[in-house]
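Visitor: I'm new to reading protein structures. Could you walk me through one, a feature at a time?

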Number of protein chains: 2
Amino acid sequence: MSELHFIDLKECILSDNRNEAVLIRGELAEKHVFLWNIMSSPGAGKTTFITAFIRKMKPKLRIGVIEGDVESQVDAEIIKAENVPVVQLRTGGDCHLDSAMIRAGLNSLDISNLDLVIIENIGNLICPAEFDLGAHLQSMILSVPEGDDKAIKYPLMFSVCEAILISKVDYLPLSDFNIPRLIENVRKLNSAASIFPLSAKTGEGMGEFCSWLVKRMKFTA
Amino acid sequence: MSELHFIDLKECILSDNRNEAVLIRGELAEKHVFLWNIMSSPGAGKTTFITAFIRKMKPKLRIGVIEGDVESQVDAEIIKAENVPVVQLRTGGDCHLDSAMIRAGLNSLDISNLDLVIIENIGNLICPAEFDLGAHLQSMILSVPEGDDKAIKYPLMFSVCEAILISKVDYLPLSDFNIPRLIENVRKLNSAASIFPLSAKTGEGMGEFCSWLVKRMKFTA
């Protein structure tokens, strides 16, 4: 009797994705371009944060942005108004980006003129955590109004990130969000993550994060 | 030459899912049990809303809850404290519920003693919109801090919902969320949806929504 063959499609997809990611990471490191992946729920403030970051860091860094969305290009237009190169990836329904999409995005940016490429991932706390995009830094934004229990409920996302940004701290007076409780929950999954409370709106905490990022970029390049 | 056969796996999955959903919807209608699917981003306030809803409506309706999560059972424990039957569905990584999971959930609730079963879906604005769960009412919660641009960015979710709840209106004074702008964006996709601004925390708008729901349940049963 002939043997029954199983093909684990998900494992094939993730493995192809990882191979391409490893290539991207190496190629960009050789060219001294730092790739930074930012993930979050919808509406946690990725675009607002990236805009504030660009305004602060544009005098020091040549920044490009890969904008991921299921539909629309409203975020890409907001970033474009900051006069940095932007490319829009539209998945048309898919709930995450993958490394082949990032390759296409990088090919349409002139990376020889960039120090840093920021990926604004799809708004989703689940699937994006499974896909290595070749980034040198994995990060996520958790906004205060979402609540401090999210690390318990979306553990993979909080496990794979080296930097966790707690955004919208200007909402703290109206919220029962407890930063020490969030940190305690994160530490059970991820002892190494750096955690940054901040507000892109008021500017609170942005300086601390930017200083950390500049040091972190030197460490890779 | 033999013909090349294509199998669209996604279409197979969605079609099997739809068949089971149609059966669930019919069987529950016969038993006068109303099935209500609630979707949203992570942290939009589904559990807080459901808790407030149960406290308000428990004297009038026999309510059960199917709690969907990627991991953990913290929400199910919060709902259980309200003394209603709850079943926890844990997907272990999957980013949406499907109708087979709902069938399993219904089998473990004593539905002959219930008028209403609430499904708290996985926190995700993308994939859950594709999966018919057999519910009589499709709804979603958008919280004020997420921003009023979400209908543009997640159009399928806003298209498939009959009721759209704008939660956390107590955050409006700190936010630039514009309710008429949200409604205008929703109307481009969905002319029929009923839209309810409310706050589960202050109780604002809960009465209007509950009255609408009771009428809507009679219309199906």
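Guide: Let's go through the sheet, one strand, the core and the contact between the chains. Keep in mind that this is a predicted model.

Visitor: Fine, the sheet to begin with. In what order do the seven strands of chain B lie, and is the pairing parallel or antiparallel?

Guide: The general idea is that strands of a sheet pair through backbone hydrogen bonds, either parallel or antiparallel. In chain B, the seven strands make an open sheet, and reading across gives β3-β2-β4-β1-β5-β6-β7, with parallel pairing. The edges are β3 (86–90) and β7 (194–197) of chain B, each of which pairs on one side only. From one strand to the next, the twist averages 20 degrees.

Visitor: Which helix packs on that sheet, and which strands does it touch?

Guide: Look for helix α2 (residues 46–57) of chain B, which touches β1, β2, β4, β5 and β6 of chain B. Its direction makes about 170 degrees with that of β4(B). Helix α4 (residues 99–107) of chain B lies across β1, β2, β3 and β4 of that chain, and runs at about 150 degrees to β3(B).

Visitor: Can you show me one pair of strands up close?

Guide: Sure. Strand β2 (residues 63–69) of chain B pairs with β3(B) in the parallel sense, over five bridges. Within that pair, G68(B) sits opposite L89(B).

Visitor: Now a single strand. Which way do the residues of β1(A) point, and are they buried or exposed?

Guide: In a regular strand the side chains alternate between the two faces of the sheet. Here, F34(A), W36(A), I38(A) and S40(A) point one way from β1(A), while L35(A), N37(A) and M39(A) point the other way. Seven of the seven residues of β1 (residues 34–40) of chain A are buried, so the strand is largely enclosed by the rest of the structure.

Visitor: Which residues stand opposite I38(A)?

Guide: On the β4(A) side, I38(A) faces E120(A). On the β5(A) side, its bridge partner is S139(A). β1(A) pairs in the parallel sense with both neighbours: over six bridges with β4 (residues 116–123) of chain A, and over five with β5 (residues 137–143) of chain A.

Visitor: What about the core: how many residues does the largest nonpolar one have?

Guide: In soluble globular proteins, nonpolar side chains tend to be buried together. The largest nonpolar core in this model has 89 residues, and I102(A) and I102(B) have the most contacts inside it. Leaving out residues up to four places away in sequence, I102(A) touches I24(A), L35(A), I66(A), L89(A), L97(A), I119(A) and L133(A).

Visitor: And a residue in a loop: is V33(B) buried or exposed?

Guide: V33(B) is in the loop between α1 (9–30) and β1 of chain B. Buried means under 20% relative accessible area, and V33(B) has 2%, so it counts as buried. Residues that V33(B) touches include L28(B), I111(B) and H136(B), again not counting those up to four places away in sequence.

Visitor: Last one. How are chain A and chain B related?

Guide: Two copies of a chain are related by a rotation about an axis and a shift along it. Here, a turn of 180 degrees and a shift of 0.0 Å along the axis lay chain A on chain B with an RMSD of 0.0 Å. That is the relation of a two-fold axis. Both copies use the same surface: 100% of the contact residues of chain A recur in chain B.

Visitor: How much area do the two chains bury between them?

Guide: About 2,500 Å², with 62% of it on carbon and sulfur atoms. Each chain puts 32 residues into the contact. P42(A), K153(A) and L174(A) supply 23% of the area that chain A buries against chain B, more than any other three residues.

Key: Residues numbered from 1 in each chain as written. Chains lettered and ligands numbered in written order. Predicted model: local features only at pLDDT ≥ 70, side-chain atom pairs only at ≥ 80, totals over all residues. Heavy atoms only, no water. Pairing = 2+ DSSP bridges. Helix = DSSP H or I, 4+ residues; strand = E, 2+ residues; numbered from the N terminus. Axes fitted to C-alpha atoms, helices over the stretch in contact; angles between N-to-C directions. Contact = heavy atoms within 4.5 Å. Core = buried A, V, L, I, M, F, W, Y, C linked by side-chain atoms within 4.5 Å. Buried < 20%, exposed > 50% of the residue type's maximum accessible area, 1.4 Å probe, protein only. Least-squares fit on C-alpha atoms with pLDDT ≥ 70 in both. Buried area = accessible area lost by both parts, 1.4 Å probe.
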